[in-house]
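Subject: Structure handover

Hi,

Here is the structure I promised to pass on. Please open it next to this email. My notes follow below.

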Amino acid sequence: MTQSSLTAVRSDIGTPDAELVGRATGLIPLIREYAAQGSEARRVAPEVVKALGEAGLFHLLVPTRLGGSGATMRTTVDAVAEVARGDGSTGWITALTSSANGFTATFSEAAQQDMFGSNPKATSCGIFSPGKAEPVEGGYRISGRWPYASGSFAADWATVGIALEDGEVALALIPGEAFSIEPTWFVTGMRGSGSDTIVVEDHFVPKHRIQRFQEMAEGRYLTPYKDEHMASIGFTSVASAILVAPQVGMVRHALEITREKLPAKPVAYTSFSQARQSATHHLAVAKAATNLHMAEMLLDRICLDIDQAAAEARRMDLENRARIRNDTGVVAELCTQAIDLLMSANGSGSFAEANVLSRIWRDSSIAARHAYVSTDIGREAYGRVLLGNEETTTVL
């Protein structure tokens, strides 16, 4: 295909699908209604999970032939950010589930049919750190524990990392009956994400449900449907970019609360009867809003680069993958700084457990420390490539 014909196929590159994003926006009241309950229960409320599924928000990246939306990265990120504007944990499981489902659609056709053939609404969680695998005839026997399985409580399948006999890492697709969930996610933030530990005991994975990670990182997938949007998107670029979408949504929520509550609030131990009179508060809120705008623009650029490469069936080179990894860390940094500014502007009461701002702050703090987002690791990887040291790194 020529670039012009591909552009005709995906005329929505750079423009989010308003209808799909609107579905997420429409769920915000419901998401906020159950947010505290989900945090207390350590998993997003069933009512919210059901609504997200019915709205198709777990299947944004799944191709239409399998019952999904076949959405662009820009649309997916915008929809996830809106969900997170309702609640951080809910946005987090939407991000992780939508990306895991999208990548399942890049496995072999047989694996795709195993998951989606009889249930187009099937969902997957993903944990990519490698566990042990024993090669046997026709596949592998795997056993082990995979922590941080966000959204596993609502997953029908899982993709787990395994170490192959040649030292390579691969992802193995396993059904829900192959794993149990061990409660291990007892943390201060992102409580509702249910990021517990998946436990597998002696499960056979056929070869057609195995896909090598390095091939995925470079956009060389097993799916025979090479003209689909997900068929050439680099794994690590999507995996990192999708994780900062909830951060953007949480800043939007924190700024929304601040603009509603802060203006009329007295400034303690000053002559200001209202914060709207205080230059200190003007500067803090303006800086936070500016951080948000910069984060949004940078994330839009990331999505545009990913979507254009996918539309052209072009594998992104190492330097651009490194830049995207760096830039996603910068988005996370901008967002956490913005929330910190807003917390200080709103005062010590914003840290009360009952205050929604407190939950946003805790959720953002945890999310910003995910290994695929960590700012300095991204900077190191990008700087390494810029200075000509193109050794393979796990983050790329």
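How many aromatic pairs does the structure hold? It holds six. Keep in mind that this is a predicted model.

**Aromatic pairs**

A pair of aromatic rings is described by the distance of the centres and the angle of the planes. Take Phe-103 and Tyr-221. Their ring centres are 6.2 Å apart and their planes meet at 40 degrees, so this pair is tilted. Phe-103 belongs to helix α6, residues 88-104. Tyr-221 sits in the loop between α8 (213-217) and α9 (235-261). The pair therefore ties together parts that are 118 residues apart in sequence. Phe-103 and Tyr-221 are both buried.

Phe-103 has another partner, Phe-235. Here the centres are 4.5 Å apart, with 45 degrees between the planes. This pair is tilted too. It links distant parts of the chain, with Phe-103 in helix α6 and Phe-235 in helix α9, 132 residues apart. Phe-235 is buried, as is Phe-103.

Which residues form one aromatic cluster? They are Phe-103, Phe-128, Phe-213, Tyr-221 and Phe-235.

**Arginines over rings**

Two arginines are worth a look. Arg-42 lies over the face of Phe-186, 4.3 Å from the ring centre. Arg-65 lies over the face of Tyr-225, and there the distance to the ring centre is 3.6 Å.

**Strand pairing**

Start with β1, residues 124-136, and β2, residues 139-149. They run antiparallel and are joined by four bridges. One residue to check is Glu-134, whose bridge partner in β2 is Arg-141. The two strands form a hairpin with two residues between them. In its turn, Gly-138 has a positive phi of about 85 degrees.

β2 also pairs with β6, residues 196-206. Eight bridges join these strands, again antiparallel. Gly-144 stands opposite Val-200 of β6.

Now go back to β1. With β3 it pairs in the parallel sense, over seven bridges. Lys-132 stands opposite Ala-163 in β3.

Is β3 enclosed or open? Six of the seven residues in β3 (residues 157-163) are buried, so the strand is largely enclosed by the rest of the structure.

β3 pairs with β4 (residues 169-175) as well. This pairing is antiparallel and also runs over seven bridges. Thr-159 has Leu-173 as its bridge partner in β4. β3 and β4 make a hairpin with five residues between the strands. Gly-167 in that hairpin takes a positive phi near 90 degrees.

**Gly-38**

One more residue to inspect. Gly-38 is found in helix α3, residues 28-41. Why does Gly-38 count as buried? Its relative accessibility is 5%, and the cut-off for buried is under 20%. Leaving out residues up to four places away in sequence, Gly-38 touches Arg-43, Val-44, Ala-45 and Gly-192. Thr-123 is 85 residues from Gly-38 along the chain, and their C-alpha atoms are separated by 19 Å.

**Where to look**

For a quick tour, begin at Phe-103, which is in the aromatic cluster. Then follow β1 to its antiparallel partner β2 and its parallel partner β3. Finish at Arg-42 over Phe-186 and Arg-65 over Tyr-225.

Best wishes

Notes
Residues numbered from 1 in each chain as written. Predicted model: local features only at pLDDT ≥ 70, side-chain atom pairs only at ≥ 80, totals over all residues. Heavy atoms only, no water. Pairing = 2+ DSSP bridges. Phe/Tyr/Trp six-rings, centres within 6.5 Å; stacked < 30°, edge-to-face > 60°. Buried < 20%, exposed > 50% of the residue type's maximum accessible area, 1.4 Å probe, protein only. Lys NZ or Arg CZ within 6 Å of the ring centre and 35° of its normal. Contact = heavy atoms within 4.5 Å.
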